[in-house]
Amino acid sequence: MFTNAVEGHVDESIAINPAHIINVYERSTTVATSDGNKEKKVTILYAGAAGSWEVKESYLEVVATLNQRD
């Protein structure tokens, strides 16, 4: 389970099947706000043709979660 970071769905829970994830990477963007520009970091989970998801958890948190074994 992760926290969605996509506009319109921010802070919603999202369940990702780790068997489908090909790549994980972190992206930083600058967002204009009423208080000035702020840096926003999101972690991208890429699953090829199935798509990609942006989550709020850090890169290291996502990798650790995906590597957990039952």
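Visitor: What share of the contacts in the protein with a separation of 6 or more comes from residues 24 or more positions apart?

Guide: Such residues account for 41% of those contacts, where contact means heavy atoms within 4.5 Å. The model is a predicted one, in which local features need pLDDT of at least 70 and side-chain atom pairs count only at pLDDT 80 or more, while totals for chains, interfaces and linings use all residues. Residues are numbered from 1 along each chain as its sequence is written, and side-chain values use heavy atoms, with hydrogens and water left out.

Visitor: Which elements make up the secondary structure of the protein?

Guide: There are one helix and five strands, in the order β-β-β-β-β-α from the N terminus on; helices (H or I, at least four residues) and strands (E, at least two) are DSSP runs, numbered from the N terminus. The C-alpha trace spans about 45 × 20 × 20 Å along its principal axes.

Visitor: What makes E3 and E4 a pair of strands?

Guide: Two strands pair if DSSP finds at least two bridges between them, and 11 bridges join E3 (residues 23-33) to E4 (residues 36-46), so the condition is met, with the two strands running antiparallel. Within this pairing arginine 27 stands opposite valine 42, glutamate 26 has threonine 43 as its bridge partner, and a hairpin of two residues joins E3 to E4.

Visitor: How do you know that E4 also pairs with E5?

Guide: E4 and E5 (residues 52-55) share four bridges in the antiparallel sense, which satisfies that requirement of at least two. Threonine 43 stands opposite valine 55 in E5, and isoleucine 44 stands opposite glutamate 54. Five residues lie between E4 and E5 in their hairpin, and glycine 48 in the turn has a positive phi of about 65°.

Visitor: Why is the contact between lysine 56 and aspartate 11 called a salt bridge?

Guide: The term requires a side-chain nitrogen of Lys or Arg within 4 Å of a carboxyl oxygen of Asp or Glu; the closest N and O atoms of lysine 56 and aspartate 11 are 2.4 Å apart, so the pair qualifies. The two residues lie 45 residues apart, with lysine 56 in the loop between E5 and helix H1 (59-66) and aspartate 11 in the loop between strand E1 (2-3) and E2. A search of the whole structure finds two salt bridges.

Visitor: What makes glutamate 54 and arginine 27 a salt bridge?

Guide: Their side chains meet at 2.7 Å, N to O, which is within the 4 Å limit, and therefore they too form a salt bridge. This pair links strand E5, which holds glutamate 54, to strand E3, which holds arginine 27, across 27 residues.

Visitor: Why is alanine 5 called buried?

Guide: Buried means under 20% relative accessible area, exposed over 50%, and partly exposed in between (1.4 Å probe, protein chains only). Alanine 5 has 3% relative accessibility and therefore counts as buried, although it lies in the loop between E1 and E2. Leaving aside its neighbours within four places in sequence, alanine 5 is in contact with residues including Val10, Val42, Val55 and Lys56. Of the 70 residues of the protein, 24% count as buried.

Visitor: Why is aspartate 11 placed in one accessibility class and arginine 27 in another?

Guide: Aspartate 11 has a relative accessible area of 52%, which is over 50%, so it is exposed, whereas arginine 27, at 36%, falls between the two limits and counts as partly exposed. Lysine 56, at 42%, likewise counts as partly exposed.

Visitor: Which residues belong to the largest nonpolar core, and what makes them a core?

Guide: This core has 10 residues, among them Phe2, Ile16, Val24, Leu45, Val62 and Leu66; the term describes a set of buried Ala, Val, Leu, Ile, Met, Phe, Trp, Tyr and Cys residues joined through side-chain atoms within 4.5 Å. Leaving aside neighbours within four places in sequence, valine 24 is in contact with Thr43, Ile44, Tyr59, Val62, Val63 and Leu66.

Visitor: Where is isoleucine 22 found, and why is it called buried or exposed?

Guide: Isoleucine 22 is in the loop between strand E2 (13-14) and E3, and at 60% relative accessibility, over the 50% limit, it counts as exposed.
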